[in-house]
Every structure is written in C-alpha cells, then in structure tokens.
Amino acid sequence: MADQKRDYYEVLGIAKGASEDEIKQAYRKLAKKHHPDINPNDKAAEEKFKEVGEAYEVLSDQQKRQLYDSYGHAGVDPNFNAGGGGFGGFGGGGGFGFDDFDLGSVFDAFFGGNGGGARAARRNGPVRGENVRASSVLTFEEAAFGCEKTIGISRTESCAKCNGLGAEDAADISSCQTCGGTGQVRASRRTPMGVVSTTEVCQTCGGKGKIIKNPCGVCSGLGRVRKSKSIKVNIPAGIDDGQTVSIRGEGNAGQNGGGTGDLYVTVQVRPHPLFVRDGTSVHCEMPITFVQAALGAEIEVPTLDGKVKYNMPEGTQTGTTFRLKSMGIPKINGSGRGDQYVKVVVEVPKNLNSKQKDILREFGEQVGDKNYEKRKGFFDKIKDSLSK
C-alpha cells in the first residue's frame with residue numbers, strides 16, 4: 001500500500017528542496033551500496049536497492065516529483081487522476097485538475113479562452129511511456145573493454161490479454177456521452193467579472209473520452225501491467241564510472257498508441273587493486289629493488305592486457321614514471337587507446353644479516369658521494385645557505 005512506503009526524500013537521505021545533482025549523487029551512492037551484485041545473499045539490501053531505485057525514478061522526473069510533492073505516493077500511482085480532486089474552481093464550483101491548473105487555465109477562467117481545452121484534449125491522445133532507470137556494477141576490466149550485462153528491471157508493458165485496450169472486448173468500449181468523446185466539457189460560472197465559460201476535463205470519463213463497460217480482468221482497465229524483465233545491455237568499451245547507456249524502446253509502455261519509453265543504465269565501476277583510471281590513462285605504482293634501480297633490469301609490468309616486459313635503465317630513481325603507449329583505456333565510441341603510466345618506487349631491503357651489511361658498508365665506502373647527484377646537490381645548498 002502507498003501509505004506503507006517510506007518518504008522518497010527520506011529513502012535517499014536528502015531534503016525536500018534538494019537539487020537535481022543532489023538527488024543524482026544520493027542515488028548513485030545508495031545504489032552502489034545496496035546493489036545485488038555487491039550483496040548477492042542479502043535480501044534486505046536487494047529490497048533497499050529497489051526502494052532507492054523507485055525513489056529516484058520519481059524524484060528525478062520533474063513532473064512526477066511535482067505530483068509527489070503535492071499528493072504524496074498517491075500522486076504517482078498509475079490509477080491516480082488529479083483532475084478528479086485537486087484544486088477547487090473559482091467560486092467553489094468544482095474545478096481545475098492539477099494538470100490543468102497553470103497560467104493558461106487562469107486565463108481561460110477570466111476570459112473564456114480554450115487553452116485548458118487543448119490540454120484536456122491531450123488526455124485521450126497518444127502518451128509516450130516513461131523512461132526507466134537502472135544501474136549495473138562493472139569490474140575495471142569490463143568497463144575498459146566493454147561487455148554484455150543482463151539487467152533486471154520492473155516496467156509497465158501493454159496488457160497482453162486486451163492488447164492495451166483496457167477492456168475485455170473492443171465492443172465494451174463506448175464514447176463518453178457526457179463529453180461526446182472529446183474528453184472535455186464546457187462549463188459556465190459566475191465570477192467577479194461576470195459569467196464566463198471555461199473548458200474543463202470531463203469528470204465522467206476522466207478526460208479519456210471513452211467509457212469501458214467491462215474492464216479487462218488482468219489490467220483492470222488500465223491497458224498496462226507491471227512486469228519484471230531481464231534485458232541484455234551492451235556496455236561499450238571505455239565507459240567510465242557514473243556514465244549512462246541508453247537503450248531505446250525498453251522503458252515503460254505508452255498509452256493510447258503512444259511510443260515506448262527508453263531504458264537508462266548507469267554504470268558503477270569497482271576499484272582495481274593495481275590500476276587507477278584518469279580519463280583514458282591508466283596509472284599504477286610498481287616496487288623495484290635497490291639492485292634493479294642501480295644496475296637496470298628487464299622487469300615485468302602488469303597491464304590490462306597482461307604482463308609486458310620493459311627494459312628499465314640503470315640508475316633509475318624512485319618516483320620515476322615510465323609511459324607504455326596505447327596500453328590504457330580504449331576511447332569510448334572512438335578509435336585508439338590511452339597510455340599507461342608506471343611509477344617505480346625503490347624498496348630498501350630490511351632484516352639484513354651481518355654479512356650483507358658488511359658488503360653494503362664496503363660498497364658505500366667505495367662509491368662515496370660522487371655517484372649521488374641529488375645528495376651532493378642537497379648538501380651543497382646547505383653549505384651555501386650557511387655561508388651567507
């Protein structure tokens with residue numbers, strides 16, 4: 001039941017006046033935390049993930065959010081008809097529905113225009129289905145090279161039993177006698193400016209222009225039903241954390257012959273134990289021994305394509321960064337790849353035995369300071385500063 005649901009703002013942990021960016025950031029954080037791929041055996045996390053997705057679907061849509069802010073959960077219920085309640089008319093005589101209460105409706109009330117009528121007429125015209133949003137967790141490699149993921153979503157589909165008619169049979173649908181099938185009626189009312197005529201939503205048919213005598217037993221006359229669906233999504237190579245893939249026609253079904261909405265899948269990329277991404281570049285830090293740094297060596301460097309050999313020159317200093325061309329992230333929807341940057345860190349050996357220490361002392365005495373350029377330069381600067 002709608003009254004059993006938590007407040008959508010509370011679900012996302014945001015204030016009612018939160019901006020679109022704040023809503024999006026809160027959704028991404030919570031969806032990543034409770035995603036079923038990260039919590040495979042946690043039913044509570046799965047329910048929270050669905051709850052977060054439902055809250056985001058409403059609050060990220062400006063029209064749905066406006067209805068929710070005004071009517072609560074009832075405002076975003078598929079059976080909700082704001083025109084049946086909502087704001088009262090001028091003089092207390094039954095009035096404008098929520099969808100029609102705007103500047104055009106006020107103008108009509110005073111001057112008898114037909115702007116509200118045009119809006120009412122659209123109620124029984126084609127309505128495109130809403131978009132559906134989902135998320136998917138990727139490994140670092142899946143994001144880099146692309147993959148195919150199966151996404152579970154909940155969406156509305158055209159009722160298979162009645163083919164979207166909403167009735168058990170086409171003969172059960174008749175034109176509304178009150179409005180003549182237009183979905184709107186003319187009404188006169190007295191105002192401080194005199195009697196004026198307005199065009200309003202037909203209360204008999206709710207603006208649909210038709211009456212269903214025998215509603216479909218599956219969809220209860222709505223013409224649409226909610227179903228769980230698994231969709232295969234092709235994730236392009238090079239996609240980054242937070243980016244979205246759109247799949248046309250996989251959203252909610254339309255009404256009155258309207259088109260189907262789209263599916264938007266936002267990806268979340270797991271951190272890698274070795275690599276850090278920066279655009280199309282990949283960075284990693286690799287430890288090397290003192291001997292390798294001093295004498296140079298052929299080292300094996302980990303990359304997204306596996307280990308590659310690299311000839312490191314002698315005298316390599318800690319912090320030196322090497323570039324491996326075209327070993328980074330593929331450019332999304334383009335050609336070529338970025339580079340990989342490898343920063344080497346010289347690791348000083350620990351727990352030496354007495355023989356090893358003697359060898360190093362002898363080495364240090366033979367080398368002296370002449371082979372240590374940075375050390376020599378450092379002490380030269382000290383001498384210069386003390387002599388001033």
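**View 1. Lys 161 and Glu 168 meet in a salt bridge.** Their closest N and O atoms are 2.6 Å apart. The term covers a side-chain nitrogen of Lys or Arg within 4 Å of a carboxyl oxygen of Asp or Glu. Please keep in mind that this is a predicted model, where local features need a pLDDT of at least 70 and side-chain atom pairs count only at pLDDT 80 or more, while totals for chains, interfaces and linings use all residues. Residues are numbered from 1 along each chain as its sequence is written, and side-chain values use heavy atoms, leaving out hydrogens and water. Lys 161 counts as partly exposed because its relative accessibility is 49%, and Glu 168 is partly exposed as well, at 34%. Here, buried means under 20% relative accessible area, exposed means over 50%, and partly exposed lies in between (1.4 Å probe, protein chains only). Across the model, the count comes to 17 salt bridges.

**View 2. Arg 128 reaches Asp 262 through a salt bridge.** The closest N and O atoms of the two are 3.1 Å apart. Arg 128 sits in the loop between helix 6 (115-121) and strand 1, and Asp 262 in the loop between strand 8 and strand 9, so this pair ties together parts 134 residues apart in sequence. Helices (H or I, at least four residues) and strands (E, at least two) are DSSP runs, numbered from the N terminus. Is Asp 262 buried or exposed? With 11% relative accessibility, Asp 262 counts as buried, whereas Arg 128, at 45%, is partly exposed.

**View 3. Arg 323 and Asp 339 join their side chains in a salt bridge.** The N to O distance is 3.2 Å. Arg 323 belongs to strand 14 and Asp 339 to the loop between strand 14 and strand 15 (340-347), so the pair ties together parts that are 16 residues apart in sequence. Asp 339 is buried, with a relative accessible area of 14%, while Arg 323 is partly exposed at 48%. For another spot to explore, look for Arg 6, Glu 10 and Glu 51, which are linked in a network of salt bridges.

**View 4. Strands 1, 9 and 8 make an open sheet of three strands.** The order is 1-9-8 and the pairing is mixed; two strands pair if DSSP finds at least two bridges between them. Strand 1 (132-138) and strand 8 (244-247) are the edge strands, each pairing on one side only. On average, neighbouring strands here are turned by 25° against each other, direction ignored. Strand 8 and strand 9 (residues 263-269) run antiparallel and are joined by four bridges. Ile 247, for example, has Leu 263 of strand 9 as its bridge partner. Helix 2 (residues 20-34) packs on this sheet, where it touches strand 1 and strand 9, and its direction makes about 70° with that of strand 9. Axes are lines fitted to C-alpha atoms, for helices over the stretch in contact, with angles from 0 to 180 degrees between N-to-C directions. Contact means heavy atoms within 4.5 Å.

**View 5. Cys 202 is a buried loop residue, since its relative accessibility is 0%.** Which loop holds Cys 202? Cys 202 lies between strand 5 (194-201) and strand 6 (210-212). Leaving aside residues up to four places away in sequence, Cys 202 touches several partners, including Cys 176, Cys 179 and Gly 207. Arg 186, 16 residues from Cys 202 in sequence, is 8.9 Å away in space, C-alpha to C-alpha.

**View 6. Lys 64 counts as buried because its relative accessibility is 16%.** Lys 64 is part of helix 4 (residues 62-71). Not counting residues up to four places away in sequence, the residues that Lys 64 touches are Glu 57, Val 58, Val 76 and Glu 130.

**View 7. Helix 5 (residues 103-111) has the lowest mean pLDDT among the elements of the protein chain, 41.** The score is the predictor's confidence in each residue, from 0 to 100. Strand 14 (residues 321-324) has the highest mean, 97. Over residues 83-121 the pLDDT is below 50, and this stretch has 71 contacts in the model beyond near neighbours in sequence. Where pLDDT is low, the predicted coordinates should not be read in detail. The protein chain averages 82, and 84% of the residues score at least 70.
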